[in-house]
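Trainee: Could you take me through one part of this structure slowly? I would like to look closely at the sheets and at the helices that pack around them.

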Amino acid sequence: MAKSNKTQSQERMRRIAKRILQVGLFTGIAGVIALVVAVAVAMSSLPSYEAMKSSPNGQMIRVHATDGSVIVSLGPSFGKWLSYNQIPKIMVDAMVSVEDKRYYMHPGVDPIGLTRATWLAVVHRGTGRRMQGASTITQQVARNIFLNNSYSYGRKAREIILAMALERKFSKQQILELYLNKVYFGGGAYGIDAASRKFFGHPATELSLGEAAIVAGLVKAPSRYAPTADAEAAIGRAGVVLDVMEENGAITSAQAAAAKPEDIALAPEAPQNSVRYFTDWALPQLDTLIDDTTQPLDVWTTIDLKMQRAATLALRNNAPAGTQGALVSLDRDGAVRAMVGGLDYVSSNYNRATQAERQPGSAFKLFVYLAALEAGFTPDTAVVDEPVDINGWQPRNNSRHFNGQIDVRTAFAYSINTIAAKLGVEVGFSAVADMARRFGITTPINTHPSMVLGTSDVRLIDMTRAFASVGRKGVAVIPYGITKVTTAEGDLLYEHQDDTSRVLVAPWVAAGMTDLLQTAVNTGTGRAAQIGRPVAGKTGTTSSNKDGWFLGFSSGITTGVWMGRDDARTVGGLQGGRAPARAFAQYMQVAVAKRPTEEFDTALKLPEWQLEPDDEAYFGAPDNGMYVDDNGMPLETLPNDGIVGADPSAPDETAPGGTPASPRLDQKWIDEVLGREGGKGTPPSPAPPAPRTNPQRQPPTAPQGRPPQ
C-alpha cells in the first residue's frame, strides 16, 4: 500500500515536470518567435547606414569672427569621419578589449556578459545597484543613435532588440565604424578624431598605443576620466586598458611596457579670453532668430579680433588699480566690433558692458542737450551760468565758479552743471527722459531735477548705442552681433538686414549735437580722447569718483568705455576725462587706423520755423560780435580780463603769482581748433540766428578753474 502511494506520488511529479517542461518549451518557442519577429520589424525600420552616420549627437555651434576664423565651439565637437580602414588597428583593439572582448562572437547581445550582469543584479538587489557591464558595443550604438540613457527594463529590452537588428543588417566593421565615430569621449568630443584633436592636438589616424589606451578608457566615465578634467585619472585608466589588451592577446607585454601613457603630452586647453563676453551676449539671440535647435550650426558674427584684442589691451593698460573696466565698440550700422565686459573673463564672467547698471554722470547730458537742440536752441545760443535753485536743489559746478553769459557750445564743452539744470527746466525733465528712452536707454529713468546730471542708472551698451545714433545723423542704431546663421552644409537660415527707417531726431539736431561733442573733445573735458582725426565725444564722472565714462565716435566707429569698482566704492582720481578717455584713444587709434578720415557734418540747416522772417527782428544791423552791457550799450573793455559774469572784486588771475586764466574761447579760436573756414585770420562764418526768445549772443569764454567732467 505504501509502495503504491509512493508510485502514485512519483507519477504525479513526473506529470507536473512534464507539464512545466511543455509550458517552458512552448513559452521559449513563443519567446524566440516573438524575438525574431521583433528583430525583423526593427530591421525593416532601421534607417540606412548613411542616415545613421549623419544622425546628430546634440547641437554643435561654431562661432566665427569677421575674418571667418572660429572663435569658440559650443556643444558637442566633431572631428573628421574615419572609415573603418582609416582607423588605426590599435584603436580598434583597445576599444574591443576594454568594452566588449567577445564582440566578434556574439549576435549583438553577449549571453555570458548578460547572465553575469543579471546574477550580480540579483545578488545585490536592494542596494540600488543596477545591472551593469552587460552592454555590448552594438547595444551602445543602438542606445546612442535611437534611445537615451534613462534606465528602465523597457528601454533595455528595446536596446537588445535594436542591437540584434543592427547585427543582422550591418557588418561588424560597419558597426565598429559607427561606434568609434560617434561615441562620447568627454570634453564635448564625439568620435575618436574629435577626441584625438582635442586631447592630443592631432588627427586620430596618428594615434599611438598609449594615446589609444587613454581614448579607449574614457568611454566608461567620460566626465571622470577626460584628460581635461583629471589628467592623472585618465592616465591611470589607460594603464588598465593596456593590461586588458595584453590579457586578451591584442598586444605583447613589451608593447604594453613601452606605451607609457604618463609621458604623453596633452594639448593645452584654449584660453577663455575676453571674446567670451561677446559670445555670451550674442548667442542667446539665436533663439529669436532661428527655429532649428538640433542640427549643427555655423554662426557668423560681427566681432573683429584685432579690434577685440586692442580693446582688451586698452582697458588693462589704463584702468586704475583695483577697478574693473568695460568697452563696447559699434560700427555705424550697429555691428558690435569689440566687447569687453571685464578685465579677466576667467575670474569673472559678469558682463559689465551689457549687464551692469551704473550712473553715467555728465555723459547723460547728451540727452539734455539733444532735447534743448530739438526745442530750438543752437550751439551758439547764449545762456547764463549763474546760481540755480530748483525747488531747493542747488547744483554747483565742479570748478566752484560761475561764468556768467556763455554759449551752449561752451557750456557743453566744459560740462557746466548749472546750464544743464537750466536747460532741463526750460525743455522739461520729462522731455529729457523721453529723449533718453528714444535713443535706446532701457533702464528706469527718474524725472527729478538732478537727473540732468546723470543720476539714473544706465548700461554701457545702451549709452554707446545712443552716441552711435547721433553719429549716424539721428538714425537709430541697434547693436547686433550675428550677421548670418548657416547649417554645417552652408544652407542659409538667417541673415541680418540693416534698418535705416527709424529716425530719432532731425538731421540738424544731430548735426548740432555733433558740433557740441566735437568741441568737448577738442577744447573741453575730453581732450585726452584726441587721436589725430576728428573725434566727437563726452566724458562722465559720478559723485565721489565712483564711475568714469567716455563715449565718442570717429570715422564711423562709436566706442563707449566705463571704469569703476563692482562695489561702487570711491576710486581716487577716477574721472571720465582721464583713464576712460585715454583707453578710448588707445583703442580707437587701432580701430580706425585703416579707415579714411571723416570730417563731421556740423552745418545747421535749420527748419523754416526757426529762422527769423526779416532783418527787423534783429532791431537793426546783425550782431557784429561786440560786447554789450545789460542795457545793450557797447563795452570797450571787460572787467576781470574778459571773464563775463565774473566777480569784479576777484583777484586778477593773470597777475604775477596768480593762477593762469583759462584760454579765451572766442568764435575765431573755436573755428581754428575745429578746422572750419574763416578760422585763420579770416572772418568767421556767420552762425545761424538764435531763437527769438533767447538772449542776444555774445562771444563764448572759457569757464574759470578746472574743467568739470
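Mentor: Happy to; we will go through one sheet, then the other, and finish with some helix pairs and an aromatic pair.

Please keep in mind that this is a predicted model.

Let us start with the sheet of mixed pairing. This open sheet has five strands in the order β2-β1-β5-β10-β11. Its edge strands, each pairing on one side only, are β2 (70-74) and β11 (492-495). From one strand to the next, the twist averages 15 degrees. Helix α13 (residues 275-282) packs on this sheet, where it touches β1 (61-64), β2, β5 and β10. The direction of α13 makes about 55 degrees with that of β2.

Now follow the pairings from the β2 edge inwards. β1 and β2 run antiparallel and are joined by four bridges. Here His64 has Val70 in β2 as its bridge partner. The hairpin of these strands has five residues between them, and Gly68 takes a positive phi near 90 degrees. β1 also pairs with β5, this time in the parallel sense, over four bridges. Across that pairing, Arg62 stands opposite Asp298 in β5. Strand β5 (residues 297-301) then runs antiparallel to strand β10 (residues 482-487), with five bridges joining them. If you want a residue pair to find on screen, Val299 has Val485 in β10 as its bridge partner. In general, strands of a sheet pair through backbone hydrogen bonds, either parallel or antiparallel.

The other sheet makes a good companion. It is an open sheet of five strands, ordered β7-β6-β14-β13-β12, and its pairing is antiparallel. The edges are β7 (336-340) and β12 (536-541), each of which pairs on one side only. Its twist averages 5 degrees from one strand to the next. Four bridges hold strand β6 (residues 324-330) and β7 in their antiparallel pairing. Within it, Ser329 finds its bridge partner in Ala338 of β7.

Helix α15 is the element to watch next. It lies across β6, β7 and β14 (557-564), and runs at about 35 degrees to β7. α15 (residues 305-318) also packs with helix α22 (residues 579-591), at an angle of about 155 degrees and with the axes 9 Å apart. That angle is why α15 counts as roughly antiparallel to α22. In passing α22, α15 makes a right-handed crossing. On the α15 side, the contact includes Lys306, Met307, Ala310 and Leu313. Among the α22 residues that meet α15 are Arg582, Gln586, Tyr587 and Val590. The residues of this contact divide into ten nonpolar, three polar and two charged.

Two further helix pairs are worth setting beside that one. Helix α9 (residues 209-216) packs with helix α11 (residues 231-247) at an angle of about 105 degrees, and their axes are 8 Å apart. α9 is therefore roughly perpendicular to α11. Leu209, Ala213, Ile214 and Ala216 come from α9, and they meet Ala234, Ala238, Val241, Leu242 and Met245 in α11. The contact of α9 with α11 has nine nonpolar residues, no polar and no charged.

Helix α16 (residues 365-375) and helix α18 (residues 417-427) have their axes 10 Å apart and pack at an angle of about 50 degrees. α16 and α18 are therefore oblique to each other. The crossing of α16 past α18 is left-handed. Residues of α16 in this contact include Lys365, Val368, Tyr369 and Ala372, while those of α18 include Asn417, Ile419, Leu423 and Gly424. The contact of α16 with α18 is made up of nine nonpolar, two polar and one charged residue.

Let us close with the aromatic rings. The structure holds ten aromatic pairs. One of them is formed by Tyr49 and Phe170; this pair is tilted, with 5.6 Å centre to centre and 55 degrees between the planes. Tyr49 sits in helix α2 (residues 49-54), and Phe170 in the loop between α6 (153-169) and α7 (172-182). The two residues are 121 residues apart, and the pair links distant parts of the chain.

Conventions:
Residues are numbered from 1 along each chain as its sequence is written. This is a predicted model: local features need pLDDT of at least 70, side-chain atom pairs count only at pLDDT 80 or more; totals for chains, interfaces and linings use all residues. Side-chain values use heavy atoms; hydrogens and water are left out. Axes are lines fitted to C-alpha atoms, for helices over the stretch in contact, and angles run from 0 to 180 degrees between N-to-C directions. Angles under 35 degrees count as roughly parallel, over 145 as roughly antiparallel, 65 to 115 as roughly perpendicular and the rest as oblique. A crossing is left-handed if the near helix is turned anticlockwise from the far one by less than a right angle, and right-handed if clockwise. Contact means heavy atoms within 4.5 Å. Ala, Val, Leu, Ile, Met, Phe, Trp, Tyr, Cys and Pro count as nonpolar, Asp, Glu, Lys and Arg as charged, and the others, Gly among them, as polar. Two strands pair if DSSP finds at least two bridges between them. Rings of Phe, Tyr and Trp (its six-membered ring) pair if their centres lie within 6.5 Å; planes under 30 degrees apart count as stacked, over 60 as edge-to-face and the rest as tilted.
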